[in-house]
Amino acid sequence: MKAISSYTGPILSKRFRGLNILEQLLKFTKSDLQKYGREIAKVHIKQAQKGIGAAKQGGKTFPMYTADYKRRKGANKTGLKQKSTRTSPPDLTLTGDMFSAFGFLDAKVDGELSLDYGIGGGREAVKMQAHAMGRFGRPSKKSKITRKPSKKRIVAKNGVVGPMVEKAIGKMFLGVVLQNLRRLTGRPIIINM
């Protein structure tokens with residue numbers, strides 16, 4: 001850092017408006033977070049539909065469906081407007097309603113960056129919470145809710161993401177740094193990884 005500032009002196013301090021270079025490079029705007037937040041939410045859906053859980057599960061695939069449910073889903077005999085018959089690995093997509101409700105909610109740029117995405121509320125949010133607790137089915141006269149803690153499928157949790165989402169967050173930081181570097185230097189930047 002000293003080598004850069006002593007070499008260019010007044011030019012850099014004028015260009016960076018008194019902020020240090022690292023602060024300028026890592027400067028996020030709300031619109032940056034909104035743009036990348038939408039992308040990260042899409043990546044999170046793809047990750048869950050590939051059957052990959054959140055990081056607390058080590059980014060492993062979700063526990064398998066029960067034999068009865070696997071048979072009914074695979075045969076398209078669930079009694080619902082079924083979109084998916086895929087049973088291995090579990091993709092948590094039967095009708096597609098839960099992931100249709102999943103998306104970007106809000107972004108804040110304060111002392112910390114905050115990206116909120118998921119399901120804002122309603123029936124689909126209850127369904128996703130039930131997956132995280134290992135509760136499946138609907139209570140009715142014929143059946144009750146099945147509780148299987150060993151079958152928990154955690155799609156999203158505060159501060160917990162899986163491997164695909166971690167990579168998307170890294171790309172977000174890289175994208176903002178490159179954008180700010182281009183803005184500060186006025187030159188195109190190419191980074192080969």
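## Salt bridges around helix H5

In this predicted model, the side chains of arginine 72 and aspartate 68 meet in a salt bridge, with 3.4 Å from N to O. The two residues stand four apart in helix H5, so about one helical turn separates arginine 72 from aspartate 68. Both ends of this bridge are partly exposed, since arginine 72 has a relative accessibility of 28% and aspartate 68 has a relative accessible area of 40%. The pair also belongs to a network of salt bridges in which Asp68, Arg71 and Arg72 are linked.

A further bridge joins lysine 73 to aspartate 91, whose closest N and O atoms are 2.7 Å apart. Lysine 73 lies in helix H5 and aspartate 91 in the loop between H5 and H6, so this pair ties together parts that are 18 residues apart in sequence. Is this bridge made by residues that are buried or exposed? Aspartate 91 is buried, with a relative accessible area of 4%, and lysine 73 is likewise buried, at 0%.

Helix H5, which covers residues 67–74, also holds tyrosine 69. Tyrosine 69 has a relative accessible area of 23% and is therefore partly exposed, because burial would require a value under 20%. The C-alpha atom of tyrosine 69 is separated by 8.9 Å from that of threonine 87, a residue 18 positions away along the chain.

## A salt bridge between lysine 108 and aspartate 106

How many salt bridges does the model contain? The count comes to five, and one of them is formed by the side chains of lysine 108 and aspartate 106, at 4.0 Å from N to O. That distance can be set against the criterion for a salt bridge, which asks for a side-chain nitrogen within 4 Å of a carboxyl oxygen. Lysine 108 is partly exposed, with a relative accessible area of 40%, and aspartate 106 is also partly exposed, with a value of 26%.

## Helix H8 and its surroundings

Helix H8 runs through residues 163–185, and at 1.5 Å a residue its 23 residues should span 33 Å, which agrees with the 33 Å between its end C-alpha atoms. Several positions of H8 are buried, namely Val165, Ala168, Met172, Gly175, Val176, Leu178, Asn180 and Leu184. Just after the helix, glycine 186 adopts a positive phi of about 70°.

Phenylalanine 173 also lies in helix H8, but this residue is partly exposed, with a relative accessible area of 34%. Together with Leu22, Leu26, Val109 and Leu113, Phe173 forms a nonpolar patch on the surface, and the members of this patch have about 390 Å² of accessible area together.

## Aromatic pairs

The model contains four aromatic pairs. In one of them, the rings of phenylalanine 28 and phenylalanine 173 have centres 5.1 Å apart and planes at 75°, so the arrangement is edge-to-face. Phenylalanine 28 is placed in the loop between helix H3 (21–25) and helix H4 (30–49), whereas phenylalanine 173 is in helix H8, so the pair ties together parts that are 145 residues apart in sequence. The partners are covered to unlike degrees: phenylalanine 28 counts as buried at 7% relative accessibility, while phenylalanine 173 is partly exposed at 34%.

The rings of phenylalanine 99 and phenylalanine 102 make another pair, with centres 6.4 Å apart and planes at 70°, so this arrangement is edge-to-face as well. Both phenylalanine 99 and phenylalanine 102 are buried. Ring pairs extend this grouping to Tyr117, linking Phe99, Phe102 and Tyr117 into a cluster.

## The largest nonpolar core

Which residues touch the most other members of the largest nonpolar core? They are Phe99, Phe102 and Tyr117, in a core of 23 residues. The elements that give two or more residues to this core are H4, helix H6 (97–101), helix H7 (123–133) and H8. Among the contributing elements, H4 provides the largest share, which amounts to six residues.

The aromatic cluster and the core therefore involve the residues Phe99, Phe102 and Tyr117 in both roles, being linked by ring pairs and touching the most other members of the core.

Definitions and conventions. Residues numbered from 1 in each chain as written. Predicted model: local features only at pLDDT ≥ 70, side-chain atom pairs only at ≥ 80, totals over all residues. Heavy atoms only, no water. Expected span 1.5 Å × (residues − 1). Buried < 20%, exposed > 50% of the residue type's maximum accessible area, 1.4 Å probe, protein only. Patch = residues over 30% accessible without salt bridge, like charges linked within 9 Å, V, L, I, M, F, W, Y side chains within 5 Å. Areas by Shrake-Rupley, 256 points an atom, 1.4 Å probe, with all protein chains shown as cover. Phe/Tyr/Trp six-rings, centres within 6.5 Å; stacked < 30°, edge-to-face > 60°. Core = buried A, V, L, I, M, F, W, Y, C linked by side-chain atoms within 4.5 Å.
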